[in-house]
Amino acid sequence: MERITSIEVLDRIREVSKKQIEDSKCRILICAGTGCLASGSGEIYKKMCELVKDHPNVEVKFGAEIAHGDGEIGVKKSGCHGFCEMGPLMRIEPQGILYTKVQLEDCEAIFHRTIEKGDIIRHLLYKQNGLEYQEQEEIPFYKKQTRLVLKNCGHIDAENINEYIATGGYSALEKALFHMTPEEVVNEITESNLRGRGGGGFPTGYKWSQVARQEEKIRYVVCNGDEGDPGAFMDRSVMEGDPHKMIEGMMLAAYAVGAQEGYIYVRAEYPLAINRLKIAIAQAEECGLLGENILGSGFSFQLHINRGAGAFVCGEGSALTASIEGNRGMPRVKPPRTVEQGLFEKPTVLNNVETFANVSMIIQNGADWYKTIGPENSPGTKAFALTGSVMNTGLIEVPMGTTLREVIFDIGGGIKNGGEFKAVQIGGPSGGCLITPHLDISLDFDSLKKMGAMIGSGGLVVMDKTTCMVEVARFFMNFTQNESCGKCVPCREGTKRMLEILERIVAGKGKMEDLDLLEELASTITETALCGLGKSAALPVISTLKLFRDEYIEHIVDKKCASRTCTALRRYIISPELCKGCSKCARNCPVGAISGKVKEPFTIDTEKCIKCGACESACAFHAIHVEA
């Protein structure tokens, strides 16, 4: 790999790499994100490589144009395309064809029919509402997005620095090092009003300016890749699919605040992200874009990777830096803040992956450009992990200010199986629920805060009418309680007491006074917990109590769960008119709760019944059901 010692060399490599991509007669981009790899895309990649190797001089046909391959067919491992519901995914350029749910046995047909003959394999195309989509950009899931942070994910080789450079990568660093002072970089980020994408939306430029003004000259830049929210995978996808975009953002931050060393903190459960980061850092070091005297500018920067053990609390700044230092990941009392005494008690810039991934675009295009996207108080885009009871799950990116209705019904394709929307949990265990009247509110930091919710890292869990909201609150409280570091009493003991109450309620043993106690505990924890994670721990309970209090009352007073989710509240009934008296249900009941005479309707003793469902599974006549 050629060493890049000046901006002239960088610009030349950019042009050469860009021409190589443009001159390629065919590029086969196979999603090699975690989701598609789990579905077999790794084997698909190997198979396509074998086919290209076995047919080096194949004629590549696109429409009327025929070009001899002669090694000009490129098979690439890309990052996450985002459309996880349809994986494994394969994109074929320059046509922009997207094949969905590709299987290993499809590879031969794709090569010989599409690559050789230009034929479209229709059963691999995405279909929605009777329409068939050949080009990726025309699919509603993609068409209604604005992919800036995720622009390269799925479109470049995630393990090749030259492909990132070809897209304009490291041009923002070049601009900053040779045409801007560190103060001007800080001012540009401040003027852009970029807000942290990891949770609370703190102004990034202000944070950087606080580090830059410290008297201590040793400073650090730390990237928080400890993405712990259930169902969230935005940062993981950037690290896997476009790691250099994040690295360039960290380098710009280091130049702006005078840091020479940086750390990326990634949870160990992200082995692919860690591997791609190692490759990216090694390539950047080999070609001289990391290390001493970068581009001959005099600026030096070293980058390290730290693997976290999976503690949710290490998403909190002081706990994260403590973990990097080799200590137990626990938050500390503030002040001093991280910007004053962070990593190794030195001033530290700490932002998450998505925040850093925005930086190079702002420096390259300017703050004024950035502020044209989204609302003034929350400009730019936001990546969300769209999961749950929605047709199209996956990773999306939309301008701040986009409504929930657009996300769920336009991009997400609506509720699965024609179901009815009930709620969406936003912000993971630190967020809250939004319901139908909230579908048209703006998805930005301030608007959601007014509704008692928060964007958080960007998890969006969509729920339909079959979801029990009491169980949702119990699930998130169980997660938070298990992940509590235990340092402060409000979080350690308070979340435990709240979980015990919620478990009593879903078990049918709750009391009406439990609701008042939940609210009292929630208020106490929110006001007195040590860190931000503890302070937001009760949000899912508070929001479900406010919006779905009738469900709590139903569980307590009527001993019923309308969605039939809570096992302890199920009541199995045998319909006399359907029962044939075969006795199979009684023979399968592990506790002898079913009695009756052969060829006569049987009955279930609800006091003995343990709600295991064995009888319902055994009945061949569908005579047993859960009481509505």
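This is a short tour of a predicted model, one selection at a time.

**Stop 1: two packed helices**

Start by selecting helix 3 (residues 41-54) together with helix 4 (residues 107-117). Two packed helices are described by the angle between their axes and the distance between the axes. Here the angle is about 40 degrees, and the axes are 9 Å apart. That angle makes helix 3 oblique to helix 4. Turn the view and you can look for the handedness as well: helix 3 and helix 4 cross in the right-handed sense.

Now show side chains. On the helix 3 side, pick Ile44, Lys47, Met48, Leu51 and Val52; they meet Cys107, Glu108, Ile110, Phe111 and His112 of helix 4. Colour the residues of this contact by type and you should find seven nonpolar, one polar and two charged.

**Stop 2: a buried glutamate**

Next, jump to helix 7 (residues 171-179) and click on glutamate 174. Is glutamate 174 buried or exposed? Its relative accessibility is 13%, so with the cut-off for buried set at under 20%, glutamate 174 counts as buried. To see what surrounds this residue, display Ile7, Leu10, Asp11, Arg14, His179 and Leu295, which glutamate 174 touches when residues up to four places away in sequence are left aside.

**Stop 3: the four-stranded parallel sheet**

Move on to an open sheet whose four strands pair in parallel, in the order 11-10-9-12. Strand 11 (302-308) and strand 12 (348-352) are at the edges; each has a single partner strand, so one side of each lacks a neighbour in the sheet. From one strand to the next, the twist averages 20 degrees.

Zoom in on strand 9 (residues 220-225), which runs parallel to strand 10 (residues 261-267) and is joined to it by six bridges. Two partners to label in strand 10 are tyrosine 265, paired with asparagine 224, and glycine 262, paired with valine 221. Strand 9 also runs parallel to strand 12, with five bridges between them; look there for cysteine 223 opposite asparagine 351.

Which residues point each way from strand 9? In a regular strand the side chains alternate between the two faces of the sheet. In strand 9, Tyr220, Val222 and Asn224 point one way, while Val221, Cys223 and Gly225 point the other way. Six of the six residues are buried, so strand 9 is largely enclosed by the rest of the structure.

Before leaving, add helix 11 (residues 243-257), which packs on this sheet and touches strand 9, strand 10, strand 11 and strand 12. The direction of helix 11 makes about 150 degrees with that of strand 9.

**Stop 4: the five-stranded mixed sheet**

Now select the open sheet of five strands, ordered 14-13-17-15-16 with mixed pairing. Strand 14 (394-399) and strand 16 (432-434) are its edge strands, each pairing on one side only. Strand 13 (residues 381-388) is antiparallel to strand 14, and they share six bridges. Within this pair, alanine 385 stands opposite leucine 395.

Bring in helix 18 (residues 469-483), which packs on the sheet and touches strand 15 (421-426), strand 16 and strand 17 (459-464). Its direction makes about 15 degrees with that of strand 15.

**Stop 5: helix 23**

Finish at helix 23 (residues 549-558), where Glu551, Tyr552, Glu554, His555 and Ile556 are buried. Their cover includes strand 15 and helix 18 from the previous stop, along with helix 19 (489-506), helix 20 (513-528) and helix 22 (539-547). Just after helix 23 comes lysine 559, with a positive phi near 55 degrees.

Note on methods
Residues numbered from 1 in each chain as written. Predicted model: local features only at pLDDT ≥ 70, side-chain atom pairs only at ≥ 80, totals over all residues. Heavy atoms only, no water. Axes fitted to C-alpha atoms, helices over the stretch in contact; angles between N-to-C directions. Parallel < 35°, antiparallel > 145°, perpendicular 65-115°, else oblique. Left-handed = near helix turned anticlockwise from the far one by under 90°. Contact = heavy atoms within 4.5 Å. Nonpolar A, V, L, I, M, F, W, Y, C, P; charged D, E, K, R; others polar. Buried < 20%, exposed > 50% of the residue type's maximum accessible area, 1.4 Å probe, protein only. Pairing = 2+ DSSP bridges.
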